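Reader: Could you walk me through this one? I'd like to begin with a single residue and work outwards from there.

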Amino acid sequence: VFLRPVHGPLPAVNTASAAVRKLLLLEGTDAYGRLQTMLGTVNPAAGNPASPAHGTFFYSDPVTENIRVGSSEVWEIHNTTVDAHPIHLHLVDFRVLDRQPFTGTVLPKPMGANGSTTGGWLTNVALSGPARAAEANEAGRKDTVIAYPGEVTRILATFPRAGEYVWHCHILSHEDHEMMRRFVVA
């Protein structure tokens, strides 16, 4: 097997003009009390307070990731679960920047009909150790990254195509049960 040759060094990563988006991986419970993996947003305000505009969301909830076509963003993916999740962005190339341990408080977020599902909010986020650079095998453009438990995984994504897409965990049972969210590039 022959791989396509690499043409020169990778371009330097430039995050200077990139907006930062704080995202959330969380394990809640469904209406029957079963584990349900979910995605959401972390409030970037001081203390990361709970608010209806943040925390976990269902796939059918309004889009929270509205992105300008051609822009680049740093996505900070906060994994509050005990599992490593292969996070995939459809039709987007990104560079893996680093990972850093964090601590925080997860508060329950009642969701669904009569609050029958429980998601959560992530508050009081504090980085708790040094960032470690992306692994050697993560160099170059990617569309999937492993988000490890208890870590913020940072990626620099560029959104060149207008449209509605999804980002999700690539574990089949997770993407089939609410660990998938839409994003819109316009």
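**A residue in a loop, and what surrounds it**

Author: Phe 159 is buried, with a relative accessible area of 1%. Please keep in mind throughout that this is a predicted model.

Reader: Where is Phe 159 found?

Author: Phe 159 belongs to the loop between β11 (151–158) and β12 (163–169).

Reader: And which residues does Phe 159 touch?

Author: Setting aside residues up to four places away in sequence, Phe 159 touches Ile 67, Arg 68, Val 69, Gly 70, Ser 71, Glu 73, Trp 75, Leu 89, Val 92, Phe 183 and Val 185. For one of these partners, Val 92, the C-alpha to C-alpha distance to Phe 159 is 6.0 Å, while the two are 67 residues apart in sequence.

Reader: How much of the contact in the protein joins residues at least 24 apart?

Author: If one takes contacts between residues at least 6 apart in sequence, 74% of them join residues at least 24 apart.

Reader: Let's try a charged residue. Is Glu 76 buried or exposed?

Author: Glu 76 counts as buried, because its relative accessibility is 11% and the cut-off for buried is under 20%. Glu 76 sits in strand β5, which covers residues 72–79, and, leaving out neighbours within four places in sequence, Glu 76 is in contact with Val 20, Arg 21, Lys 22, Leu 23, Val 152, Thr 153 and Arg 154.

Reader: How many positive and negative side chains does the protein have?

Author: There are 15 positive and 17 negative side chains in the protein, and the centres of these two sets lie 7 Å apart.

Reader: Switching to backbone angles: what is the phi of Asn 114?

Author: Asn 114 has a positive phi of about 55°, although Asn 114 is not a glycine. As background, most residues other than glycine have a negative phi. Asn 114 is in the loop between β7 (93–111) and β8 (117–127), and Asn 114 counts as exposed because its relative accessibility is 83%.

Reader: And Glu 178, what is phi there?

Author: Phi of Glu 178 is near 75°, again a positive value in a residue other than glycine. Glu 178 lies in the loop between α1 (172–175) and β13 (180–185), and with a relative accessible area of 21% Glu 178 is partly exposed.

Reader: Now the strands. Which residues of β10 are on the covered face?

Author: In strand β10 (residues 144–147), Val 145 and Ala 147 form the covered face, whereas Thr 144 and Ile 146 are on the uncovered one. This fits a general pattern, since in a regular strand the side chains alternate between the two faces of the sheet.

Reader: In which sense do β6 and β10 pair?

Author: Strand β6 (residues 85–89) pairs with β10 in the antiparallel sense, over four bridges. Within that pairing, Pro 86 stands opposite Ile 146 of β10.

Reader: Zooming out, how many helices and strands does the protein have?

Author: The protein has one helix and 13 strands, and along the sequence the pattern reads β-β-β-β-β-β-β-β-β-β-β-β-α-β. The radius of gyration is 17 Å, close to the 16 Å that the globule rule gives for 186 residues, so the protein is as compact as a globular protein of that length. The C-alpha trace spans about 55 × 35 × 35 Å along its principal axes.

Reader: Last one: what share of the residues is buried, and how much area is exposed?

Author: Buried residues account for 43% of the 186 residues. The protein exposes about 9600 Å², of which carbon and sulfur atoms supply 57%.

Terms used. Residues are numbered from 1 along each chain as its sequence is written. This is a predicted model: local features need pLDDT of at least 70, side-chain atom pairs count only at pLDDT 80 or more; totals for chains, interfaces and linings use all residues. Side-chain values use heavy atoms; hydrogens and water are left out. Buried means under 20% relative accessible area, exposed over 50%, partly exposed in between (1.4 Å probe, protein chains only). Helices (H or I, at least four residues) and strands (E, at least two) are DSSP runs, numbered from the N terminus. Two strands pair if DSSP finds at least two bridges between them. The radius of gyration is taken over C-alpha atoms; the globule rule is 2.2 Å times the number of residues to the power 0.38. Contact means heavy atoms within 4.5 Å. Accessible areas come from the Shrake-Rupley method with a 1.4 Å probe; for residues, only the protein chains shown count as cover. Lys and Arg count as positive and Asp and Glu as negative; His and the chain ends are not counted. The place of a charge is taken as NZ of Lys, CZ of Arg, CG of Asp or CD of Glu.
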